[in-house]
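Welcome, and thanks for taking a look at this one with us. Please open the sequence and the coordinates side by side before reading on.

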Amino acid sequence: MGDKEWGDGMVVEPDRSRRYRGAPSVVEVGPGSLVACWVEGSGEGRPDTGVWCASGTAGESGVVSWGAATEAVPSRGVPAWSPVLDVD
């Protein structure tokens, strides 16, 4: 897998300018449709750490194809902590 991170089907291209990526929270929002969120920055709870998200689709083999990660909640100097996703 080379420079990619997070095994078992969850592959995200790493941003080498950031030193910390927290464990993701992943939910299924529809059949085979997933959303993952995590904190990323210099460290959890630090003012340059934001919440990032990506969506993915599970194939028939169970391997998930993930879209590009986007910063959903920019840090703006306020610490971010690990997000928790829940589907009701």
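What follows is a short tour of this predicted model, from the overall fold down to single residues.

## Overall picture

The protein has zero helices and six strands. Read from the N terminus, its elements run β-β-β-β-β-β. The chain has 88 residues, and buried ones make up 34% of them. Its accessible surface comes to about 5,500 Å², with 51% of that belonging to carbon and sulfur atoms. If you like contact statistics, take the contacts between residues at least 6 apart in sequence: 37% of these join residues at least 24 apart.

## The nonpolar cores

Which residues form the largest nonpolar core? There are seven: Leu34, Ala36, Trp38, Trp52, Ala54, Val64 and Trp66. Strand E3, strand E4 (50–58) and strand E5 (64–66) are the elements that give two or more residues to this core. The largest share, three residues, comes from E3. A second core, separate from that one, has five residues, among them Val39, Val51, Cys53 and Ala80. As background, nonpolar side chains in soluble globular proteins tend to be buried together.

## The disulfide

A search of the whole structure turns up one disulfide. Cys37 and Cys53 are its partners, with an S to S distance of 2.4 Å. The torsion about the S-S bond is 95 degrees, and the link of Cys37 and Cys53 is right-handed. This pair ties together distant parts of the chain, as Cys37 sits in strand E3 and Cys53 in strand E4, 16 residues apart. For the general chemistry, a disulfide is a covalent bond between the sulfur atoms of two cysteines.

Are the two cysteines buried or exposed? Cys37 has a relative accessible area of 5%, so Cys37 is buried. Cys53, at 16% relative accessibility, also counts as buried. Cys53 is one we have already met, as a member of the second nonpolar core.

## The salt bridge and its surroundings

The search of the whole structure also finds one salt bridge. Here the side chains of Glu40 and Arg21 meet, at 3.1 Å from N to O. The pair again links distant parts of the chain: Glu40 belongs to strand E3 (residues 33–41) and Arg21 to strand E1 (residues 20–21), with their positions 19 residues apart. Both Glu40 and Arg21 are buried. For Arg21 the relative accessible area is 17%, which is under the 20% limit, so Arg21 counts as buried. The two side chains also make a polar contact with each other, at 3.1 Å.

Tyr20 lies in strand E1 as well. With a relative accessible area of 26%, Tyr20 is partly exposed. Where does Tyr20 make its contacts, leaving aside neighbours within four places in sequence? Its partners are Val39, Glu40, Gly41, Ser42, Gly43 and Glu44. The C-alpha atoms of Tyr20 and Gly41 are separated by 5.3 Å, although these residues are 21 apart along the chain.

## After strand E6

Two residues in the segment after E6 are worth a visit. Ser75 lies in this segment, which follows strand E6 (70–73). At 17% relative accessibility, Ser75 counts as buried. A polar atom of the Ser75 side chain lies 3.4 Å from the backbone oxygen of Pro47. Not counting residues up to four places away in sequence, Ser75 touches Pro47, Asp48, Thr49 and Gly50.

Arg76 is found in the segment after E6 too. Is Arg76 buried or exposed? At 73% relative accessibility, Arg76 counts as exposed. The backbone of Arg76 has a phi near 50 degrees, a positive value in a residue other than glycine. In general, most residues other than glycine have a negative phi.

## Accessibility at a glance

The table gathers the relative accessibility of residues discussed above.

| Residue | Relative accessible area | Class |
|---|---|---|
| Cys37 | 5% | buried |
| Cys53 | 16% | buried |
| Arg21 | 17% | buried |
| Ser75 | 17% | buried |
| Tyr20 | 26% | partly exposed |
| Arg76 | 73% | exposed |

Technical notes. Residues are numbered from 1 along each chain as its sequence is written. This is a predicted model: local features need pLDDT of at least 70, side-chain atom pairs count only at pLDDT 80 or more; totals for chains, interfaces and linings use all residues. Side-chain values use heavy atoms; hydrogens and water are left out. Helices (H or I, at least four residues) and strands (E, at least two) are DSSP runs, numbered from the N terminus. Buried means under 20% relative accessible area, exposed over 50%, partly exposed in between (1.4 Å probe, protein chains only). A polar contact is a pair of N or O atoms within 3.5 Å; within protein, one must be able to donate a hydrogen and the other to accept it, and residues adjacent in sequence count only if both atoms are side-chain atoms. Contact means heavy atoms within 4.5 Å. A salt bridge is a side-chain nitrogen of Lys or Arg within 4 Å of a carboxyl oxygen of Asp or Glu. A nonpolar core is a set of buried Ala, Val, Leu, Ile, Met, Phe, Trp, Tyr and Cys residues joined through side-chain atoms within 4.5 Å. A disulfide is a pair of cysteine sulfur atoms within 2.5 Å. Accessible areas come from the Shrake-Rupley method with a 1.4 Å probe; for residues, only the protein chains shown count as cover.
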